[in-house]
Amino acid sequence: MKRFLLLLAFGALTSIPVAAEGQTAIRVKCGGVALTDSQGRVWAADYGFNGGNLSLTEGVIGGTMDPKLFQGGRWGDTPPLTYTFPVANGSYHVNLYFAESYPANQVIGARVFNVKMQGTTVFSKLDVFATAGANTALIKGADINVSTGAISIEFDNIADHAKVTAIEITQVTASPILTLNFNYPGGAPVVGTLTYKMSNSLINLGGAVPLINGQATCLIVSSPSVLGLVGQFQVNLSLTDPAGRTLWQINTAMNPSNLNFGAVQSSALNVVVQKQ
């Protein structure tokens with residue numbers, strides 16, 4: 001069963017990373033030197049890559065308190081740029097950091113690429129400029145299961161060269177589970193993809209997971225304030241069918257710093273959607 005990390009509140013769902021317990025968090029400044037971010041977390045100098053080239057573009061980056069994490073980076077050529085990190089087997093959340101700071105690529109379609117994790121495409125036809133705009137921080141998150149003792153992240157060029165500026169990997173810890181069941185009238189399970197996004201002026205997180213037998217599972221995170229989530233966030237959760245048609249969607253604003261889920265037990269949410 002695939003899982004993604006969500007915070008459930010008043011019908012709103014939002015993706016967040018969870019700190020590791022058994023496995024030390026991996027934080028790498030791609031194409032750069034070690035640094036400490038605004039939260040006091042240490043990012044290692046670039047390692048784990050199979051090749052590629054350094055990006056020296058270091059323009060002013062908006063939408064973040066840590067612009068250095070989004071400057072420079074490493075871009076891939078042939079063979080595809082791949083990062084590999086040895087880890088203990090288990091479930092992990094991966095955040096990839098991007099910013100389109102190269103002027104020639106600040107056009108929709110100029111830089112487009114796929115991202116694979118553990119050999120499976122998790123972000124298809126990613127266009128950072130089209131998603132976030134020029135010189136603006138973008139974080140894309142995904143959840144994976146590791147059974148081979150290593151995490152593999154591959155960047156496949158479509159237009160120009162794929163580029164990443166930082167990588168963050170944290171292990172998923174035990175938490176209450178929310179099961180989302182999507183069915184058509186009559187009980188047939190929905191076939192589709194659940195896309196989630198959380199954003200404000202300082203952060204842009206999101207990802208997508210395919211439904212398995214109409215189902216996805218979420219980890220409910222207790223006391224989000226301890227994770228540094230403060231202020232109001234815009235939350236979007238949408239379900240699309242294989243043809244890309246929207247079947248179900250939630251758009252709302254929330255302030256996670258005021259919430260506490262310490263007493264929440266594992267539960268289920270059943271949603272009936274109409275065929276398009």
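**Entry 1: the chain as a whole**

I began with contacts between residues at a separation of 6 or more, and found that 73% of those in the protein chain join residues 24 or more positions apart. The model I am reading is a predicted one, and I keep that in mind for every value below. For secondary structure I noted one helix and 22 strands in the protein chain. I then looked up burial, and buried residues make up 47% of the 276 residues. The accessible surface of the protein chain comes to about 12100 Å², and carbon and sulfur atoms hold 53% of that surface.

**Entry 2: strand S3 and its sheet**

I turned next to strand S3, residues 26-29, and asked which way its side chains point. Ile-26 and Val-28 point one way from the strand, whereas Arg-27 and Lys-29 point the other way, and I noted that all of them are buried. This fits what I know of strands in general, since in a regular strand the side chains alternate between the two faces of the sheet.

Which strands pair with S3, and in which sense? With strand S15, residues 166-171, S3 pairs in the antiparallel sense over four bridges. Within S15 I found Glu-168 as the bridge partner of Arg-27, and I saw that Lys-29 stands opposite Ala-166. With strand S5, residues 42-45, S3 pairs in the parallel sense over two bridges, and there the bridge partner of Val-28 is Ala-44.

I then followed the pairing outwards and wrote down an open sheet of six strands in the order S4-S5-S3-S15-S9-S12, with mixed pairing. Its edge strands are S4 (35-36) and S12 (138-146), each of which pairs on one side only.

**Entry 3: aromatic pairs**

A search of the whole structure for aromatic pairs gave me seven. How are the rings of Trp-43 and Tyr-97 arranged? Their centres are 5.3 Å apart and their planes stand at 75°, which is over the 60 degrees required, so I entered the pair as edge-to-face. Trp-43 belongs to strand S5 and Tyr-97 to strand S9 (residues 90-98), and the pair links distant parts of the chain, 54 residues apart. Is each of these two residues buried or exposed? Trp-43 has a relative accessible area of 0% and is buried; Tyr-97, with a relative accessible area of 5%, is buried as well.

I also looked up Phe-49 and Tyr-83, an edge-to-face aromatic pair with 6.0 Å from centre to centre and 70° between the planes. Phe-49 lies in the loop between S5 and strand S6 (53-54) and Tyr-83 lies in strand S8 (residues 81-86), so this pair ties together parts that are 34 residues apart in sequence. For their accessibility I noted that Phe-49 counts as partly exposed at 32%, while Tyr-83 counts as buried at 0%.

**Entry 4: around Phe-49**

Staying with Phe-49, I asked which residues form an aromatic cluster with it. I found one cluster made up of Tyr-47, Phe-49, Tyr-83 and Phe-85. My last note is on Arg-74, which lies over the face of Phe-49 at 3.6 Å from the ring centre.

Technical notes. Residues are numbered from 1 along each chain as its sequence is written. This is a predicted model: local features need pLDDT of at least 70, side-chain atom pairs count only at pLDDT 80 or more; totals for chains, interfaces and linings use all residues. Side-chain values use heavy atoms; hydrogens and water are left out. Buried means under 20% relative accessible area, exposed over 50%, partly exposed in between (1.4 Å probe, protein chains only). Two strands pair if DSSP finds at least two bridges between them. Contact means heavy atoms within 4.5 Å. Accessible areas come from the Shrake-Rupley method with a 1.4 Å probe; for residues, only the protein chains shown count as cover. Rings of Phe, Tyr and Trp (its six-membered ring) pair if their centres lie within 6.5 Å; planes under 30 degrees apart count as stacked, over 60 as edge-to-face and the rest as tilted. A charge sits over a ring if NZ of Lys or CZ of Arg is within 6 Å of the ring centre and within 35 degrees of the ring normal.
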